[in-house]
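User: I would like to go through this model term by term and ask what each label rests on. Please set the values against the cut-offs wherever a conclusion depends on them.

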Amino acid sequence: MGTFLWIAQRVSSLIILSYVLLILISYFIKPYQYDASIWYFDIHTITMKVFTSAFLIVMVGHALQGLKAIEDDYFTERTIGMFLPGMSYLAKILRYAYRGFIVLVIIVLTYVVVFSYLMEL
Amino acid sequence: MAKKLQLSLYRFDPEKDERPYMSDYEVDYPATGNMMVIDAIRLAQEKDSTVTFRRSCAQGVCGSDGVNMNGKNGLACITPVSDVITRGKLEVRPLPGLPVIKDLIVDMKPFYEQYEKVKPFLDNEDEVTTGHERLQSPNDRDKLDGLYECVLCACCSTSCPSFWWNPEKFVGPAALLQAYRFIADTRDNQKKQRLKKLNDAFSVYRCHGIMNCTSVCPKGLNPSKAINEIKKELRKIG
């Protein structure tokens, strides 16, 4: 599992990089800054919708790994106790609040992408 | 004429003190020559006999006097004061990330538990076919150089943030160096099992390659390189 996650993290970062480069290069070679409708048209093609959806799924997976590492390192009794002596009992509450926040962000992101972008409602 | 060294020592006796504190001592520092940090601590101990620290060989072999000197881990017996002193001041603290027993002495149990996990011994149940020993080519033997010399002082593991945060799950640079020492040893035939045991999200992969371990190793070893070699081997077995 360790190796799988390690490789997944690196492969996903390459996908994220390729998407960001595509957007950046498009910005420089197309006149988006003069006519937003060109941008709107380009981003709403089926190919771009598939690529953007794949990018977002990969990015969420990539981010979740990093966020899990932050949780494992910093939202523990040991670390909270070190930064806030005597308050280590807060670790569990903070951990759940942190997870709740992440789930909320994913729900909002999914809602925006699915309804506003993919379905164009 | 001796110069004066402002030595500040971490003090904590869990039986008496509520919180740790720093004690300042002024010790003579030879202007003509140099002295090791351990000598400075001993001079402070002559002034205050309650100062507690651990040492044995005092020659960088036993690895028992690992401390944090002005923010950098190392062995007090082979670190010259001149290497770590800043503006005439030297602050000595116990190794970070391990429970303090008293003053500069830490409990090495979490460190040894990780060391035990990697089975730091040759594991080969096959019968020896030639003579009394398992033979190895000089080339294969050369691969172990830089891996077996570790004195288990814990300077590397305790300078690693991943080990500070997860000492039960992350094996740590010292134990991983030993793990690779046996993975790379052609006389050991448990390579696959050793690697499988390390293939989780924490044991090896918690190392993010910041190389603190390599920069503090008092024996000049490179645990970071060994960890990368383990990662390469893990990718080979998938």
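Analyst: This is a predicted model, and a starting point is burial in chain B, where 39% of the 238 residues count as buried. Chain B holds nine helices and seven strands, and its C-alpha trace spans about 65 × 40 × 30 Å along the principal axes.

User: What makes B:A154 count as buried?

Analyst: The cut-off for buried is 20 or more other C-beta atoms within 10 Å, and B:A154 has 27 C-beta neighbours inside 10 Å, so B:A154 counts as buried. B:A154 lies in the loop between helix 4 (138-142) and helix 5 (161-165) of chain B, and its phi is near 75°, a positive value in a residue other than glycine. Most residues other than glycine have a negative phi.

User: Why is B:R87 called exposed?

Analyst: A residue is exposed if 12 or fewer other C-beta atoms lie within 10 Å; B:R87 has 6, and is therefore called exposed. B:R87 is found in the loop between helix 2 (81-84) and strand 5 (89-93) of chain B, and phi of B:R87 is also positive, near 50°.

User: Why is B:K231 called partly exposed?

Analyst: With 19 other C-beta atoms within 10 Å, B:K231 falls between the limit of 12 or fewer for exposed and that of 20 or more for buried, so partly exposed is the label that applies. B:K231 sits in helix 9 (residues 223-237) of chain B, and its C-alpha is 9.1 Å from that of B:L195, although the two are 36 residues apart in sequence.

User: How do you know that the largest nonpolar core lies between the two domains of chain B?

Analyst: That core has 60 residues, and those with the most contacts inside it include B:V37, B:L176 and B:I230. Its largest share, eight residues, comes from helix 6 (residues 173-183) of chain B. Domain 1 (3-106) and domain 2 (109-237) both give residues to the core, so it lies between them. As one example of the contacts made by a member, B:I230, leaving aside neighbours within four places in sequence, is in contact with B:L176, B:A179, B:Y180, B:I183, B:L198 and B:V204. In soluble globular proteins, nonpolar side chains tend to be buried together.

User: What makes up the contact between domain 1 and domain 2 of chain B?

Analyst: The contact joins 14 residues of domain 1 to 14 residues of domain 2. On the domain 1 side, the largest share, four residues, comes from strand 4 (residues 72-75) of chain B, and by class that side has seven nonpolar, six polar and one charged residues. The centres of the two domains, taken over C-alpha atoms, are separated by 29 Å.

User: What makes you say that helix 1 of chain A lies largely in the open?

Analyst: Of its 28 residues the number buried is one, so helix 1 of chain A lies largely in the open. Helix 1 (residues 2-29) reaches 41 Å from its first C-alpha to its last, close to the 40 Å expected at 1.5 Å a residue.

User: Which residues form the contact between the chains, by number and by class?

Analyst: Chain B gives 11 residues and chain A gives 10; the chain B side has five nonpolar, four polar and two charged residues. The predictor gives the complex an ipTM of 0.81 and a pTM of 0.89, while the mean pLDDT of chain B is 94, with 99% of its residues at 70 or more.

Technical notes
Residues are numbered from 1 along each chain as its sequence is written. Chains are lettered from A and ligands numbered from 1 in the order in which they are written. This is a predicted model: local features need pLDDT of at least 70, side-chain atom pairs count only at pLDDT 80 or more; totals for chains, interfaces and linings use all residues. Two residues are in contact if their C-beta atoms, placed from the backbone, lie within 7 Å. Ala, Val, Leu, Ile, Met, Phe, Trp, Tyr, Cys and Pro count as nonpolar, Asp, Glu, Lys and Arg as charged, and the others, Gly among them, as polar. A nonpolar core is a set of buried Ala, Val, Leu, Ile, Met, Phe, Trp, Tyr and Cys residues joined through C-beta atoms within 7 Å. Helices (H or I, at least four residues) and strands (E, at least two) are DSSP runs, numbered from the N terminus. Domain bounds come from an automatic or database domain assignment. The expected span of a helix is 1.5 Å times one less than its number of residues. pLDDT is the predictor's confidence in each residue, from 0 to 100.
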